[in-house]
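Here are a few short exercises to work through with the model open beside you. Try each task before you read its solution.

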Amino acid sequence: MGRERVRNDAPAAAPHAVSPLRRPQELWALGGLLIGYFPVYVLQLTWLYDPMNIIGPLVLGGVLGWSAYHIAERDPDAVWAPLFWFRIASAAYFGFGALVPHIVNLETLQHIQSLYYFDAAMNFKVNFLYCTGIFFTLMFSYIFLGLFGGRFQGARNRKRSQVDRTLQIAIVFLTVGAILRYGMVVPYTFGLTDSVLPGVIGTLSRMYYVGIYLLIVYAMDRNKKILLPASVLVAIDIVVSVSSFAKAELLLILIFSFLGFISRGVTKKKVLAGALCVLFAYFWFQPLVGYGRAELALRYGEIRGAGLYERIDIVKNYFAGAASGNTPTRQGGLSRLSYMNVDSYVVSRYDAGMPGYTLGDAAAVLVPRVFWPGKPIITQLGADLNFLVFRQVGSSLGVGHFAEAYWNFGWLGIVPFMFVLALILTIFSLVSMGIVARKDWLFFPVVFIGVYMGIRVDGFFVPDILGPAWMALVLGAGLSIARLFLLSPAGLRSRRFVNRT
(Lines give C-alpha, C1' and ligand atoms only; values in the text may rest on other atoms or scores of the structure.)
Protein backbone atom coordinates (compact mmCIF):
# COMPACT_ATOMS: atom_id res chain seq x y z
CA MET A 1 0.00 0.00 0.00
CA GLY A 2 2.99 2.28 0.39
CA ARG A 3 4.10 4.22 3.40
CA GLU A 4 1.33 6.26 5.00
CA ARG A 5 2.04 9.82 6.00
CA VAL A 6 0.03 12.52 7.67
CA ARG A 7 -1.23 15.23 5.37
CA ASN A 8 -2.61 18.58 6.34
CA ASP A 9 -4.60 19.57 3.27
CA ALA A 10 -6.53 22.78 3.43
CA PRO A 11 -8.54 23.78 0.38
CA ALA A 12 -7.60 26.97 -1.30
CA ALA A 13 -11.14 28.28 -1.26
CA ALA A 14 -12.24 31.83 -1.70
CA PRO A 15 -14.39 33.47 1.00
CA HIS A 16 -17.40 33.04 -1.26
CA ALA A 17 -16.45 29.85 -3.08
CA VAL A 18 -19.89 29.25 -4.53
CA SER A 19 -19.79 32.59 -6.37
CA PRO A 20 -18.26 31.10 -9.57
CA LEU A 21 -21.46 29.07 -9.98
CA ARG A 22 -23.56 32.21 -9.66
CA ARG A 23 -23.40 33.97 -13.00
CA PRO A 24 -25.65 37.08 -13.08
CA GLN A 25 -24.33 38.02 -16.54
CA GLU A 26 -25.47 34.63 -17.75
CA LEU A 27 -28.99 35.19 -16.41
CA TRP A 28 -29.17 38.60 -18.04
CA ALA A 29 -28.08 37.16 -21.38
CA LEU A 30 -30.51 34.23 -21.23
CA GLY A 31 -33.27 36.57 -20.05
CA GLY A 32 -32.61 38.80 -23.04
CA LEU A 33 -32.84 35.78 -25.34
CA LEU A 34 -36.18 34.86 -23.78
CA ILE A 35 -37.44 38.39 -24.35
CA GLY A 36 -36.50 37.93 -28.00
CA TYR A 37 -38.32 34.60 -28.22
CA PHE A 38 -41.53 35.64 -26.44
CA PRO A 39 -43.10 38.17 -28.85
CA VAL A 40 -42.19 36.04 -31.86
CA TYR A 41 -43.95 33.06 -30.25
CA VAL A 42 -47.03 34.95 -28.98
CA LEU A 43 -47.57 37.02 -32.12
CA GLN A 44 -46.66 34.09 -34.41
CA LEU A 45 -44.20 36.13 -36.44
CA THR A 46 -43.54 33.30 -38.87
CA TRP A 47 -41.02 35.28 -40.92
CA LEU A 48 -38.72 35.34 -37.88
CA TYR A 49 -38.85 31.59 -37.17
CA ASP A 50 -35.99 30.62 -39.47
CA PRO A 51 -33.51 33.30 -38.32
CA MET A 52 -34.39 32.71 -34.66
CA ASN A 53 -33.82 28.98 -35.12
CA ILE A 54 -30.22 29.86 -35.93
CA ILE A 55 -29.61 32.83 -33.64
CA GLY A 56 -31.29 31.34 -30.56
CA PRO A 57 -29.23 28.12 -30.28
CA LEU A 58 -26.04 30.02 -31.14
CA VAL A 59 -26.61 32.49 -28.30
CA LEU A 60 -27.73 29.77 -25.89
CA GLY A 61 -24.71 27.55 -26.54
CA GLY A 62 -22.31 30.48 -26.49
CA VAL A 63 -23.58 31.86 -23.18
CA LEU A 64 -23.51 28.47 -21.45
CA GLY A 65 -20.11 27.54 -22.84
CA TRP A 66 -18.60 30.90 -21.84
CA SER A 67 -20.03 30.58 -18.35
CA ALA A 68 -18.68 27.05 -17.94
CA TYR A 69 -15.23 28.22 -19.02
CA HIS A 70 -15.15 31.06 -16.48
CA ILE A 71 -16.48 28.83 -13.71
CA ALA A 72 -13.64 26.34 -14.23
CA GLU A 73 -11.09 29.13 -14.55
CA ARG A 74 -12.11 30.77 -11.27
CA ASP A 75 -12.44 27.58 -9.22
CA PRO A 76 -11.10 24.20 -10.46
CA ASP A 77 -13.16 22.41 -7.78
CA ALA A 78 -16.28 23.59 -9.60
CA VAL A 79 -15.66 21.12 -12.45
CA TRP A 80 -17.10 18.52 -10.08
CA ALA A 81 -20.33 20.49 -9.57
CA PRO A 82 -23.41 19.13 -11.38
CA LEU A 83 -24.32 22.73 -12.28
CA PHE A 84 -21.07 22.98 -14.24
CA TRP A 85 -21.86 19.83 -16.25
CA PHE A 86 -25.47 20.93 -16.66
CA ARG A 87 -24.17 23.95 -18.56
CA ILE A 88 -21.76 21.89 -20.66
CA ALA A 89 -24.33 19.25 -21.60
CA SER A 90 -27.09 21.81 -22.26
CA ALA A 91 -24.78 23.79 -24.53
CA ALA A 92 -23.94 20.61 -26.44
CA TYR A 93 -27.43 19.14 -26.81
CA PHE A 94 -29.73 22.17 -26.81
CA GLY A 95 -27.36 24.78 -28.19
CA PHE A 96 -25.17 23.15 -30.81
CA GLY A 97 -27.48 20.14 -31.09
CA ALA A 98 -30.41 22.40 -31.95
CA LEU A 99 -28.34 23.82 -34.83
CA VAL A 100 -27.66 20.39 -36.31
CA PRO A 101 -30.77 20.26 -38.57
CA HIS A 102 -29.61 23.53 -40.16
CA ILE A 103 -25.98 22.61 -40.81
CA VAL A 104 -26.10 18.96 -41.94
CA ASN A 105 -26.52 17.74 -45.50
CA LEU A 106 -29.86 16.74 -46.99
CA GLU A 107 -29.46 13.00 -46.38
CA THR A 108 -28.72 13.55 -42.69
CA LEU A 109 -31.64 15.97 -42.33
CA GLN A 110 -33.97 13.41 -43.90
CA HIS A 111 -32.64 10.80 -41.49
CA ILE A 112 -33.30 13.10 -38.52
CA GLN A 113 -36.82 13.86 -39.66
CA SER A 114 -37.58 10.21 -40.39
CA LEU A 115 -38.36 9.87 -36.69
CA TYR A 116 -40.68 12.87 -36.70
CA TYR A 117 -41.04 15.65 -39.22
CA PHE A 118 -40.87 19.13 -37.65
CA ASP A 119 -41.43 22.37 -39.49
CA ALA A 120 -39.97 25.81 -38.71
CA ALA A 121 -42.79 26.62 -36.27
CA MET A 122 -42.27 23.48 -34.19
CA ASN A 123 -38.50 23.96 -34.37
CA PHE A 124 -38.93 27.47 -32.98
CA LYS A 125 -41.26 26.31 -30.20
CA VAL A 126 -38.84 23.62 -29.02
CA ASN A 127 -35.92 26.08 -29.05
CA PHE A 128 -38.03 28.49 -27.01
CA LEU A 129 -38.77 25.62 -24.63
CA TYR A 130 -35.06 24.81 -24.25
CA CYS A 131 -34.20 28.42 -23.41
CA THR A 132 -37.08 28.71 -20.94
CA GLY A 133 -36.15 25.52 -19.09
CA ILE A 134 -32.46 26.37 -18.88
CA PHE A 135 -33.15 29.94 -17.77
CA PHE A 136 -35.43 28.91 -14.89
CA THR A 137 -33.09 26.12 -13.81
CA LEU A 138 -30.13 28.51 -13.58
CA MET A 139 -32.24 31.29 -12.05
CA PHE A 140 -33.46 29.01 -9.27
CA SER A 141 -29.95 27.66 -8.74
CA TYR A 142 -28.69 31.25 -8.42
CA ILE A 143 -31.24 31.83 -5.66
CA PHE A 144 -30.49 28.53 -3.90
CA LEU A 145 -26.74 29.14 -3.99
CA GLY A 146 -27.32 32.47 -2.30
CA LEU A 147 -29.54 30.90 0.35
CA PHE A 148 -27.52 27.77 1.11
CA GLY A 149 -23.99 28.67 0.02
CA GLY A 150 -22.92 30.17 3.32
CA ARG A 151 -23.97 27.10 5.28
CA PHE A 152 -21.86 24.83 3.09
CA GLN A 153 -18.92 27.23 2.96
CA GLY A 154 -17.75 26.49 6.49
CA ALA A 155 -17.67 22.77 5.77
CA ARG A 156 -15.73 23.38 2.58
CA ASN A 157 -13.08 25.59 4.20
CA ARG A 158 -12.63 23.32 7.20
CA LYS A 159 -9.10 21.96 7.36
CA ARG A 160 -8.95 18.22 7.09
CA SER A 161 -5.82 16.61 8.50
CA GLN A 162 -5.73 12.90 7.89
CA VAL A 163 -3.61 10.01 6.81
CA ASP A 164 -3.34 9.92 3.03
CA ARG A 165 -5.52 6.94 2.11
CA THR A 166 -6.03 7.76 -1.56
CA LEU A 167 -4.55 4.47 -2.78
CA GLN A 168 -6.42 2.33 -0.24
CA ILE A 169 -9.76 3.98 -1.03
CA ALA A 170 -9.06 3.69 -4.78
CA ILE A 171 -8.49 -0.06 -4.40
CA VAL A 172 -11.70 -0.45 -2.38
CA PHE A 173 -13.78 1.35 -5.01
CA LEU A 174 -12.07 -0.48 -7.87
CA THR A 175 -12.75 -3.83 -6.22
CA VAL A 176 -16.39 -3.17 -5.37
CA GLY A 177 -17.04 -1.45 -8.70
CA ALA A 178 -15.37 -4.23 -10.71
CA ILE A 179 -17.41 -6.91 -8.92
CA LEU A 180 -20.64 -5.09 -9.71
CA ARG A 181 -19.74 -3.90 -13.21
CA TYR A 182 -18.01 -7.00 -14.55
CA GLY A 183 -19.80 -9.49 -12.35
CA MET A 184 -23.37 -8.25 -12.82
CA VAL A 185 -23.86 -5.29 -15.19
CA VAL A 186 -21.78 -6.53 -18.13
CA PRO A 187 -23.19 -10.11 -17.97
CA TYR A 188 -26.68 -8.60 -17.93
CA THR A 189 -25.85 -6.39 -20.93
CA PHE A 190 -24.44 -9.38 -22.81
CA GLY A 191 -27.59 -11.39 -22.11
CA LEU A 192 -25.87 -13.93 -19.85
CA THR A 193 -28.55 -13.52 -17.19
CA ASP A 194 -32.30 -13.06 -17.50
CA SER A 195 -32.95 -11.59 -14.06
CA VAL A 196 -33.90 -7.91 -13.79
CA LEU A 197 -30.91 -5.83 -12.83
CA PRO A 198 -31.80 -3.45 -9.96
CA GLY A 199 -31.05 0.18 -10.71
CA VAL A 200 -28.99 0.43 -7.54
CA ILE A 201 -26.53 -2.09 -8.98
CA GLY A 202 -26.02 0.00 -12.08
CA THR A 203 -25.45 3.11 -9.97
CA LEU A 204 -23.06 1.45 -7.52
CA SER A 205 -21.13 -0.23 -10.34
CA ARG A 206 -19.97 3.21 -11.41
CA MET A 207 -17.78 3.28 -8.31
CA TYR A 208 -15.34 1.59 -10.67
CA TYR A 209 -14.83 4.93 -12.42
CA VAL A 210 -14.28 6.58 -9.05
CA GLY A 211 -11.56 4.03 -8.35
CA ILE A 212 -9.95 4.71 -11.74
CA TYR A 213 -9.95 8.44 -11.05
CA LEU A 214 -8.42 8.07 -7.58
CA LEU A 215 -5.82 5.61 -8.86
CA ILE A 216 -4.70 8.11 -11.51
CA VAL A 217 -4.72 10.94 -8.94
CA TYR A 218 -2.46 8.89 -6.66
CA ALA A 219 -0.17 8.03 -9.57
CA MET A 220 0.15 11.66 -10.65
CA ASP A 221 0.78 12.80 -7.08
CA ARG A 222 2.87 10.01 -5.58
CA ASN A 223 3.98 7.23 -7.92
CA LYS A 224 4.05 7.53 -11.72
CA LYS A 225 4.66 3.78 -12.08
CA ILE A 226 1.01 3.16 -11.20
CA LEU A 227 -0.01 4.94 -14.42
CA LEU A 228 0.74 1.75 -16.39
CA PRO A 229 -1.78 -0.52 -14.62
CA ALA A 230 -4.25 2.37 -14.48
CA SER A 231 -3.94 2.83 -18.25
CA VAL A 232 -4.51 -0.90 -18.79
CA LEU A 233 -7.71 -0.76 -16.72
CA VAL A 234 -8.90 2.26 -18.71
CA ALA A 235 -8.16 0.52 -22.02
CA ILE A 236 -10.05 -2.62 -20.95
CA ASP A 237 -13.08 -0.59 -19.92
CA ILE A 238 -13.06 1.34 -23.20
CA VAL A 239 -13.17 -1.97 -25.10
CA VAL A 240 -16.06 -3.22 -22.95
CA SER A 241 -17.95 0.09 -23.30
CA VAL A 242 -17.56 0.06 -27.08
CA SER A 243 -18.65 -3.58 -27.23
CA SER A 244 -21.65 -2.75 -25.03
CA PHE A 245 -22.63 0.08 -27.38
CA ALA A 246 -22.97 2.20 -24.25
CA LYS A 247 -22.33 5.86 -25.04
CA ALA A 248 -22.63 7.04 -21.42
CA GLU A 249 -20.13 4.47 -20.15
CA LEU A 250 -17.53 5.38 -22.76
CA LEU A 251 -17.84 9.10 -22.06
CA LEU A 252 -17.65 8.55 -18.30
CA ILE A 253 -14.45 6.51 -18.40
CA LEU A 254 -12.86 9.09 -20.70
CA ILE A 255 -13.98 12.09 -18.63
CA PHE A 256 -12.90 10.64 -15.29
CA SER A 257 -9.57 9.46 -16.65
CA PHE A 258 -8.95 12.91 -18.12
CA LEU A 259 -9.86 14.66 -14.86
CA GLY A 260 -7.45 12.37 -13.02
CA PHE A 261 -4.61 13.29 -15.37
CA ILE A 262 -5.16 17.03 -14.90
CA SER A 263 -5.67 16.74 -11.13
CA ARG A 264 -2.29 18.37 -10.43
CA GLY A 265 -3.20 21.53 -12.31
CA VAL A 266 -5.97 22.70 -14.60
CA THR A 267 -4.70 24.66 -17.60
CA LYS A 268 -6.41 25.91 -20.75
CA LYS A 269 -4.32 23.62 -22.94
CA LYS A 270 -5.15 20.55 -20.86
CA VAL A 271 -8.85 21.34 -20.84
CA LEU A 272 -8.86 21.96 -24.60
CA ALA A 273 -6.98 18.72 -25.31
CA GLY A 274 -9.31 16.71 -23.08
CA ALA A 275 -12.43 18.30 -24.54
CA LEU A 276 -11.27 17.53 -28.08
CA CYS A 277 -10.60 13.90 -27.17
CA VAL A 278 -14.04 13.48 -25.61
CA LEU A 279 -15.75 15.18 -28.58
CA PHE A 280 -13.84 13.01 -31.03
CA ALA A 281 -14.87 9.88 -29.12
CA TYR A 282 -18.49 11.02 -29.10
CA PHE A 283 -18.71 11.69 -32.85
CA TRP A 284 -16.80 8.50 -33.62
CA PHE A 285 -18.95 6.36 -31.34
CA GLN A 286 -22.46 7.66 -32.01
CA PRO A 287 -22.96 6.03 -35.45
CA LEU A 288 -21.49 2.79 -34.11
CA VAL A 289 -24.01 2.79 -31.26
CA GLY A 290 -26.90 3.05 -33.69
CA TYR A 291 -25.56 0.31 -35.95
CA GLY A 292 -24.67 -2.04 -33.09
CA ARG A 293 -28.03 -1.70 -31.38
CA ALA A 294 -29.85 -2.22 -34.66
CA GLU A 295 -27.88 -5.40 -35.27
CA LEU A 296 -28.62 -6.71 -31.78
CA ALA A 297 -32.32 -5.90 -32.17
CA LEU A 298 -32.37 -7.75 -35.48
CA ARG A 299 -30.67 -10.83 -34.05
CA TYR A 300 -32.13 -10.96 -30.53
CA GLY A 301 -35.16 -8.66 -30.56
CA GLU A 302 -33.53 -6.35 -27.98
CA ILE A 303 -30.27 -4.53 -27.35
CA ARG A 304 -29.18 -7.17 -24.84
CA GLY A 305 -27.69 -10.46 -25.91
CA ALA A 306 -24.55 -11.48 -27.86
CA GLY A 307 -21.28 -12.24 -26.18
CA LEU A 308 -18.10 -10.20 -26.27
CA TYR A 309 -16.66 -11.85 -29.39
CA GLU A 310 -19.90 -11.47 -31.35
CA ARG A 311 -20.06 -7.82 -30.36
CA ILE A 312 -16.48 -7.28 -31.44
CA ASP A 313 -17.40 -8.85 -34.80
CA ILE A 314 -20.27 -6.36 -35.09
CA VAL A 315 -17.80 -3.54 -34.48
CA LYS A 316 -15.46 -4.98 -37.12
CA ASN A 317 -18.33 -5.29 -39.59
CA TYR A 318 -19.26 -1.67 -38.97
CA PHE A 319 -15.81 -0.41 -39.83
CA ALA A 320 -15.72 -2.74 -42.82
CA GLY A 321 -18.70 -0.83 -44.21
CA ALA A 322 -21.43 -3.36 -43.40
CA ALA A 323 -23.77 -0.71 -41.99
CA SER A 324 -26.27 0.32 -44.64
CA GLY A 325 -26.28 3.84 -43.22
CA ASN A 326 -22.54 4.00 -42.78
CA THR A 327 -21.90 6.07 -45.88
CA PRO A 328 -19.69 9.13 -46.28
CA THR A 329 -22.76 11.33 -46.82
CA ARG A 330 -24.54 10.37 -43.59
CA GLN A 331 -23.31 12.53 -40.70
CA GLY A 332 -24.25 10.07 -37.99
CA GLY A 333 -22.44 11.74 -35.10
CA LEU A 334 -24.15 15.05 -35.72
CA SER A 335 -27.61 13.52 -36.19
CA ARG A 336 -27.44 11.77 -32.81
CA LEU A 337 -26.50 15.03 -31.11
CA SER A 338 -29.85 16.58 -32.04
CA TYR A 339 -33.00 15.91 -29.98
CA MET A 340 -35.16 18.21 -32.08
CA ASN A 341 -37.04 15.34 -33.69
CA VAL A 342 -38.00 13.38 -30.59
CA ASP A 343 -38.67 16.54 -28.56
CA SER A 344 -40.91 17.87 -31.32
CA TYR A 345 -42.75 14.55 -31.21
CA VAL A 346 -43.51 14.65 -27.47
CA VAL A 347 -44.41 18.35 -27.60
CA SER A 348 -46.86 17.66 -30.43
CA ARG A 349 -48.39 14.80 -28.46
CA TYR A 350 -49.15 17.09 -25.52
CA ASP A 351 -50.58 19.70 -27.88
CA ALA A 352 -52.82 16.99 -29.34
CA GLY A 353 -54.19 16.11 -25.89
CA MET A 354 -51.94 13.10 -25.23
CA PRO A 355 -49.69 14.08 -22.31
CA GLY A 356 -46.97 11.87 -20.96
CA TYR A 357 -46.93 10.23 -17.54
CA THR A 358 -43.20 9.79 -17.05
CA LEU A 359 -43.37 10.76 -13.37
CA GLY A 360 -45.93 8.08 -12.53
CA ASP A 361 -43.39 5.73 -10.92
CA ALA A 362 -41.45 8.43 -9.07
CA ALA A 363 -42.27 7.02 -5.63
CA ALA A 364 -41.02 3.58 -6.69
CA VAL A 365 -37.40 4.76 -6.61
CA LEU A 366 -37.60 4.88 -2.81
CA VAL A 367 -38.28 1.13 -2.50
CA PRO A 368 -35.44 -1.34 -3.19
CA ARG A 369 -36.34 -4.11 -5.60
CA VAL A 370 -35.41 -6.72 -2.97
CA PHE A 371 -38.47 -5.57 -0.99
CA TRP A 372 -40.65 -5.17 -4.09
CA PRO A 373 -39.88 -7.87 -6.67
CA GLY A 374 -42.60 -6.56 -8.99
CA LYS A 375 -41.29 -3.01 -8.89
CA PRO A 376 -41.65 -1.18 -12.23
CA ILE A 377 -38.49 -0.96 -14.32
CA ILE A 378 -37.78 2.75 -13.96
CA THR A 379 -35.24 2.82 -16.79
CA GLN A 380 -37.83 1.45 -19.23
CA LEU A 381 -39.06 4.95 -20.13
CA GLY A 382 -36.68 5.37 -23.05
CA ALA A 383 -37.57 1.96 -24.47
CA ASP A 384 -41.29 2.69 -24.04
CA LEU A 385 -40.92 5.94 -25.96
CA ASN A 386 -39.02 4.16 -28.71
CA PHE A 387 -41.88 1.64 -29.01
CA LEU A 388 -44.41 4.47 -29.03
CA VAL A 389 -42.63 6.07 -31.98
CA PHE A 390 -41.56 3.05 -34.02
CA ARG A 391 -43.82 0.28 -32.69
CA GLN A 392 -40.80 -1.93 -32.19
CA VAL A 393 -38.36 -2.83 -29.45
CA GLY A 394 -34.60 -2.84 -29.57
CA SER A 395 -33.54 0.71 -28.76
CA SER A 396 -34.19 3.64 -26.46
CA LEU A 397 -34.96 7.34 -26.88
CA GLY A 398 -34.29 10.26 -24.55
CA VAL A 399 -36.04 13.60 -24.49
CA GLY A 400 -34.35 15.77 -21.88
CA HIS A 401 -35.89 17.44 -18.84
CA PHE A 402 -37.37 20.43 -20.66
CA ALA A 403 -39.34 18.53 -23.27
CA GLU A 404 -40.32 15.97 -20.63
CA ALA A 405 -41.73 18.72 -18.40
CA TYR A 406 -43.79 20.06 -21.31
CA TRP A 407 -44.92 16.57 -22.32
CA ASN A 408 -46.32 16.00 -18.83
CA PHE A 409 -47.67 19.43 -17.90
CA GLY A 410 -47.36 21.87 -20.79
CA TRP A 411 -45.92 25.36 -20.27
CA LEU A 412 -47.32 25.52 -16.73
CA GLY A 413 -45.12 22.62 -15.70
CA ILE A 414 -41.81 24.22 -16.65
CA VAL A 415 -41.39 26.40 -13.55
CA PRO A 416 -42.14 23.77 -10.83
CA PHE A 417 -40.24 21.09 -12.74
CA MET A 418 -37.14 23.26 -13.05
CA PHE A 419 -37.50 24.38 -9.42
CA VAL A 420 -37.03 20.79 -8.23
CA LEU A 421 -34.26 20.12 -10.74
CA ALA A 422 -32.36 23.25 -9.69
CA LEU A 423 -32.74 22.39 -6.00
CA ILE A 424 -31.26 18.92 -6.47
CA LEU A 425 -28.40 20.10 -8.70
CA THR A 426 -27.56 22.97 -6.34
CA ILE A 427 -27.38 20.81 -3.21
CA PHE A 428 -25.22 18.27 -5.04
CA SER A 429 -22.96 21.05 -6.34
CA LEU A 430 -22.35 22.43 -2.87
CA VAL A 431 -21.76 19.01 -1.34
CA SER A 432 -19.48 17.92 -4.20
CA MET A 433 -17.30 21.03 -4.08
CA GLY A 434 -16.87 20.54 -0.34
CA ILE A 435 -15.87 16.89 -0.73
CA VAL A 436 -13.32 17.67 -3.44
CA ALA A 437 -11.88 20.68 -1.62
CA ARG A 438 -11.31 18.58 1.53
CA LYS A 439 -10.04 15.63 -0.54
CA ASP A 440 -12.54 13.50 1.33
CA TRP A 441 -12.12 10.65 -1.17
CA LEU A 442 -14.27 8.18 0.73
CA PHE A 443 -17.33 10.19 -0.29
CA PHE A 444 -16.25 10.65 -3.89
CA PRO A 445 -18.94 8.25 -5.24
CA VAL A 446 -21.47 10.89 -4.18
CA VAL A 447 -19.58 13.43 -6.30
CA PHE A 448 -19.62 11.02 -9.22
CA ILE A 449 -23.38 10.58 -9.01
CA GLY A 450 -23.76 14.36 -9.07
CA VAL A 451 -21.61 14.68 -12.19
CA TYR A 452 -23.65 11.95 -13.85
CA MET A 453 -26.88 13.81 -13.08
CA GLY A 454 -25.46 17.02 -14.53
CA ILE A 455 -24.46 15.29 -17.76
CA ARG A 456 -27.80 13.49 -18.20
CA VAL A 457 -29.80 16.52 -19.31
CA ASP A 458 -30.94 14.41 -22.26
CA GLY A 459 -32.49 11.72 -20.05
CA PHE A 460 -35.65 11.33 -17.99
CA PHE A 461 -36.17 12.95 -14.61
CA VAL A 462 -37.07 9.87 -12.55
CA PRO A 463 -34.29 7.45 -13.59
CA ASP A 464 -31.60 10.08 -14.21
CA ILE A 465 -32.22 12.64 -11.46
CA LEU A 466 -34.59 11.44 -8.76
CA GLY A 467 -33.28 7.87 -8.58
CA PRO A 468 -29.58 8.80 -8.42
CA ALA A 469 -30.31 11.55 -5.87
CA TRP A 470 -31.99 9.06 -3.56
CA MET A 471 -29.18 6.56 -4.11
CA ALA A 472 -26.57 9.22 -3.28
CA LEU A 473 -28.37 10.01 -0.03
CA VAL A 474 -28.42 6.34 1.00
CA LEU A 475 -24.84 5.83 -0.18
CA GLY A 476 -23.63 8.89 1.72
CA ALA A 477 -25.20 7.58 4.90
CA GLY A 478 -23.60 4.18 4.34
CA LEU A 479 -20.18 5.71 3.70
CA SER A 480 -20.48 7.74 6.90
CA ILE A 481 -20.94 4.50 8.78
CA ALA A 482 -18.10 2.87 6.83
CA ARG A 483 -15.78 5.70 7.86
CA LEU A 484 -15.95 4.48 11.45
CA PHE A 485 -14.48 1.15 10.38
CA LEU A 486 -12.04 2.35 7.71
CA LEU A 487 -10.28 4.88 9.91
CA SER A 488 -7.96 3.03 12.26
CA PRO A 489 -7.41 4.15 15.87
CA ALA A 490 -3.89 5.15 14.85
CA GLY A 491 -5.27 7.37 12.13
CA LEU A 492 -7.72 8.96 14.56
CA ARG A 493 -4.92 9.63 17.06
CA SER A 494 -2.86 11.22 14.29
CA ARG A 495 -5.70 13.53 13.43
CA ARG A 496 -6.13 14.61 17.06
CA PHE A 497 -2.39 15.19 17.41
CA VAL A 498 -2.17 17.33 14.27
CA ASN A 499 -5.26 19.34 15.21
CA ARG A 500 -3.78 20.08 18.65
CA THR A 501 -0.52 21.28 17.13
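## Warm-up: the whole chain

The model is predicted, and its protein chain exposes about 22,300 Å², with carbon and sulfur atoms supplying 67% of that area.

**Exercise 1.** Work out how many helices and strands the protein chain has, and what percentage of its residues count as buried.

*Solution.* Start with the secondary structure: there are 20 helices and 2 strands in the protein chain. Next, turn to burial: 53% of the 501 residues count as buried. Finally, look at contacts between residues at least 6 apart in sequence: 80% of these join residues at least 24 apart.

## Two helix pairs

**Exercise 2.** Describe how helix H3 (residues 82–103) packs with H18.

*Solution.* Two packed helices are described by the angle between their axes and the distance between the axes.

- Step 1: the axes of H3 and H18 are 7 Å apart, and the helices pack at an angle of about 25 degrees.
- Step 2: angles under 35 degrees count as roughly parallel, and H3 and H18 are therefore roughly parallel to each other.
- Step 3: the crossing of H3 and H18 is right-handed.
- Step 4: H3 brings Pro82, Trp85, Phe86, Ala89 and Tyr93 to the contact, while H18 brings Gly450, Val451, Gly454 and Ile455.
- Step 5: sorted by type, the residues of this contact of H3 with H18 are 7 nonpolar, 2 polar and no charged.

**Exercise 3.** Do the same for helix H6 (residues 166–189) and helix H9 (residues 227–243).

*Solution.*

- Step 1: the axes of H6 and H9 come within 13 Å and cross at roughly 20 degrees.
- Step 2: that makes H6 roughly parallel to H9.
- Step 3: H6 and H9 have a left-handed crossing.
- Step 4: the contact is made by Leu174, Arg181, Tyr182 and Val186 on the H6 side, and by Leu233, Ile236, Asp237, Val240 and Ser241 on the H9 side.
- Step 5: the residues of the contact of H6 with H9 comprise 6 nonpolar, 1 polar and 2 charged.

## Buried or exposed?

**Exercise 4.** Find out how many of the 9 residues of helix H16 (residues 401–409) are buried.

*Solution.* Buried means under 20% relative accessible area. By that cut-off, His401, Phe402, Ala403, Glu404, Ala405, Tyr406, Trp407 and Asn408 of H16 are buried. That is 8 of the 9 residues, so H16 is largely enclosed by the rest of the structure. Just after H16 comes glycine 410, with a positive phi of about 75 degrees.

**Exercise 5.** Place aspartate 50 in the structure and say how accessible it is.

*Solution.* Aspartate 50 sits in helix H2 (residues 49–74). Its relative accessible area is 47%, so aspartate 50 is partly exposed. Now look across the chain: the C-alpha atoms of aspartate 50 and alanine 120 are separated by 6.3 Å, although the two are 70 residues apart along the chain.

## Backbone angles

**Exercise 6.** Locate glutamine 44 and lysine 439, and compare their backbones and accessibility.

*Solution.* Most residues other than glycine have a negative phi. Glutamine 44 is not a glycine, yet has a positive phi of about 55 degrees. Lysine 439, also not a glycine, has a positive phi of about 55 degrees.

Then the location: glutamine 44 is in the loop between helix H1 (24–42) and H2, and lysine 439 is in the loop between helix H17 (414–437) and helix H18 (444–455). Last comes accessibility: glutamine 44 counts as exposed at 57%, whereas lysine 439 counts as partly exposed at 31%.

How values were computed:
Residues are numbered from 1 along each chain as its sequence is written. This is a predicted model: local features need pLDDT of at least 70, side-chain atom pairs count only at pLDDT 80 or more; totals for chains, interfaces and linings use all residues. Side-chain values use heavy atoms; hydrogens and water are left out. Axes are lines fitted to C-alpha atoms, for helices over the stretch in contact, and angles run from 0 to 180 degrees between N-to-C directions. Helices (H or I, at least four residues) and strands (E, at least two) are DSSP runs, numbered from the N terminus. Angles under 35 degrees count as roughly parallel, over 145 as roughly antiparallel, 65 to 115 as roughly perpendicular and the rest as oblique. A crossing is left-handed if the near helix is turned anticlockwise from the far one by less than a right angle, and right-handed if clockwise. Contact means heavy atoms within 4.5 Å. Ala, Val, Leu, Ile, Met, Phe, Trp, Tyr, Cys and Pro count as nonpolar, Asp, Glu, Lys and Arg as charged, and the others, Gly among them, as polar. Buried means under 20% relative accessible area, exposed over 50%, partly exposed in between (1.4 Å probe, protein chains only). Accessible areas come from the Shrake-Rupley method with a 1.4 Å probe; for residues, only the protein chains shown count as cover.
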